[in-house]
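This briefing introduces selected local features of one protein structure for a reader who is new to the subject. Please keep the sequence and the model in view while reading.

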Amino acid sequence: NGKLCTILKSAGDSIRYHEEKIPWHAVRVGDLVLVKQDEQIPADLILVDTSSPDGFCYVDTVNLDGESNLKARRALTCTYSKTSMHEDKVSVAIEKL
């Protein structure tokens with residue numbers, strides 16, 4: 001898929017990231033993909049965080065299964081409170097195991 005998506009690339013340290021636009025076909029395992037409201041997602045993703053304080057988002061899957069109702073999805077509980085966005089800058093605090 002040649003459509004563009006936004007990934008978060010490390011800004012040199014493990015906490016700050018900057019946004020970078022790349023084609024969907026260039027997304028690799030381990031990339032952090034920033035998805036905004038009403039964007040289409042042509043790939044399987046793990047929901048790490050949302051703008052909602054409880055970690056929920058609602059996904060429209062009409063193109064996959066024909067159902068027009070929104071499906072609630074919740075971010076992983078171990079990650080959804082670990083990110084923050086301030087003035088278009090993203091901070092991520094994820095520990096390596």
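Strands are DSSP runs of E of at least two residues, numbered from the N terminus. The model discussed here is predicted. The points below treat a nonpolar core, the loop between β3 and β4, a lysine in strand β5, and the cysteines.

**The nonpolar core**

- The largest nonpolar core consists of five residues, namely C5, I7, I22, W24 and V27.
- One member, C5, has a relative accessibility of 5%; C5 counts as buried because that value falls under the 20% limit.
- Another member, I7, is in contact with H18, E19, E20, I22, V27, D31, L32 and V33, if neighbours within four places in sequence are left aside.
- Among these contacts of I7 are I22 and V27, which also belong to the core.

**The loop between β3 and β4**

- Strand β3 covers residues 32-34 and strand β4 covers residues 56-60, and T50 lies in the loop between them.
- Is T50 buried or exposed? With a relative accessibility of 18%, T50 counts as buried, because the limit for this class is under 20%.
- The side chain of T50 reaches the backbone nitrogen of S52 at 3.1 Å.
- A polar atom of the T50 side chain also lies 3.2 Å from the backbone oxygen of F56.
- Apart from neighbours within four places in sequence, T50 is in contact with G55, F56 and C57.
- D38 is likewise placed in the loop between β3 and β4.
- Its relative accessible area is 75%, so D38 is exposed, the cut-off being over 50%.
- Most residues other than glycine have a negative phi.
- D38 is not a glycine, yet its phi is positive, at about 70°.

**K71 in strand β5**

- K71 is located in strand β5, which spans residues 70-74.
- How is K71 classed at 14% relative accessibility? K71 counts as buried, because 14% is under 20%.
- The side chains of K71 and T61 make a polar contact at 2.7 Å.
- When residues up to four places away in sequence are not counted, K71 touches C57, Y58, V59, T61 and D65.

**Cysteines**

- How many disulfides does the structure hold? The number is zero.
- C57 has a relative accessibility of 21% and therefore counts as partly exposed, a class that lies between 20% and 50%.
- C57 appears among the contacts of T50 and among those of K71.
- C5, by comparison, is buried and is part of the largest nonpolar core.

Key:
Residues are numbered from 1 along each chain as its sequence is written. This is a predicted model: local features need pLDDT of at least 70, side-chain atom pairs count only at pLDDT 80 or more; totals for chains, interfaces and linings use all residues. Side-chain values use heavy atoms; hydrogens and water are left out. A nonpolar core is a set of buried Ala, Val, Leu, Ile, Met, Phe, Trp, Tyr and Cys residues joined through side-chain atoms within 4.5 Å. Buried means under 20% relative accessible area, exposed over 50%, partly exposed in between (1.4 Å probe, protein chains only). Contact means heavy atoms within 4.5 Å. Helices (H or I, at least four residues) and strands (E, at least two) are DSSP runs, numbered from the N terminus. A polar contact is a pair of N or O atoms within 3.5 Å; within protein, one must be able to donate a hydrogen and the other to accept it, and residues adjacent in sequence count only if both atoms are side-chain atoms. A disulfide is a pair of cysteine sulfur atoms within 2.5 Å.
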